Amino acid sequence: MEKPETELEIFSPILLQDYIRLMTAAHYIEKGAEAPAARFKISAENFAKMEAEPLKAALIGLTLTYLEKEQVLEVTADENFKHLYENKIMNEVARVFAVNYGKRYASTIIAEDICQ
């Protein structure tokens, strides 16, 4: 997985969902399975645009709670989701993604305290 040199300049709900999935996985890998929800800073407008996307496959196993006042998205994973990332390859993919893509979508969404 290559490390991108610049921030992504287009808005892509599918890529944001994938970012949320892998950064949430990295959060639970780093903090432990009993960690509180992963948190992401995202504007209400960008969250609404992402939610308008009919495809939601990347979010299976995740519960999203948007705190509009704080402009924070809290994401919790179910046990099946967490179990997927116990696999060595899936675990490594999430960790590398977090390091390489942690700031890729910074103008749209940013993970709080995940592999930073």
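Two strands count as paired here if DSSP finds at least two bridges between them. Keep that in mind for the sheet. The model is predicted.

**Stop 1: the sheet**

Select the four strands. They form an open sheet in the order 2-3-1-4, with antiparallel pairing. Strand 2 and strand 4 stand at the edges, each with a single partner strand, so one side of each has no neighbour in the sheet. From one strand to the next, the twist averages 25 degrees.

Now walk across the pairs. Strand 2 and strand 3 run antiparallel and are joined by six bridges. Pick L67 and look across to V72 in strand 3, which stands opposite. Strand 1 and strand 3, also antiparallel, are joined by four bridges. Here R39 stands opposite E74 in strand 3. Three bridges link strand 1 to strand 4, again antiparallel. Select I42 to find its bridge partner in strand 4, I109.

**Stop 2: the faces of strand 1**

Stay on strand 1 and show side chains. Which residues make up its covered face? They are A38, F40 and I42, while R39 and K41 make up the uncovered one. In a regular strand, side chains alternate between the two faces of the sheet.

**Stop 3: T76**

Move to T76, in strand 3. Buried or exposed? T76 counts as partly exposed, because its relative accessibility is 34%, and the partly exposed class lies between 20% and 50%. Leaving aside neighbours within four places in sequence, T76 is in contact with Y28, A37, G61, L62 and T63. Then add G32, 44 residues away along the chain: the C-alpha atoms of T76 and G32 are separated by 12 Å.

**Stop 4: helix 2**

Select residues 44-51, which make up helix 2. N46, F47 and M50 are buried there. They cover an arc of only 100 degrees around the axis, which puts them on the same side of helix 2. In an α-helix there are 3.6 residues a turn, so residues three or four places apart point the same way. What do the buried residues of helix 2 pack against? Their partners are helix 1 (13-31), strand 1 (38-42), strand 2 (62-67) and strand 3 (72-77).

**Stop 5: helix 1 and helix 4**

Select helix 1 and helix 4. Their axes come within 8 Å and cross at roughly 110 degrees. The two helices are therefore roughly perpendicular to each other. Show the side chains at the crossing. Helix 1 makes the contact with Y19, L22, M23, A25, A26 and I29. Helix 4 brings N91, V93, A94, R95, F97, A98 and Y101.

**Stop 6: the nonpolar core**

Finish inside. The largest nonpolar core has 32 residues. Within this core, Y19, I20, M23, F40, L73 and I109 touch the most other members. Two or more core residues come from each of helix 1, strand 1, helix 2, strand 2, strand 3, helix 4 (88-101) and strand 4 (109-111). Helix 1 gives the most, with nine residues. In soluble globular proteins, nonpolar side chains tend to be buried together.

Centre the view on I20. Which residues does I20 touch, not counting residues up to four places away in sequence? Select F40, M50, L59, L62, L73, V75 and I109 to show them. Two of these have appeared before: M50 as a buried residue of helix 2, and I109 as the bridge partner of I42.

Conventions:
Residues numbered from 1 in each chain as written. Predicted model: local features only at pLDDT ≥ 70, side-chain atom pairs only at ≥ 80, totals over all residues. Heavy atoms only, no water. Buried < 20%, exposed > 50% of the residue type's maximum accessible area, 1.4 Å probe, protein only. Arc of directions from axis to C-beta. Contact = heavy atoms within 4.5 Å. Core = buried A, V, L, I, M, F, W, Y, C linked by side-chain atoms within 4.5 Å. Axes fitted to C-alpha atoms, helices over the stretch in contact; angles between N-to-C directions. Parallel < 35°, antiparallel > 145°, perpendicular 65-115°, else oblique.
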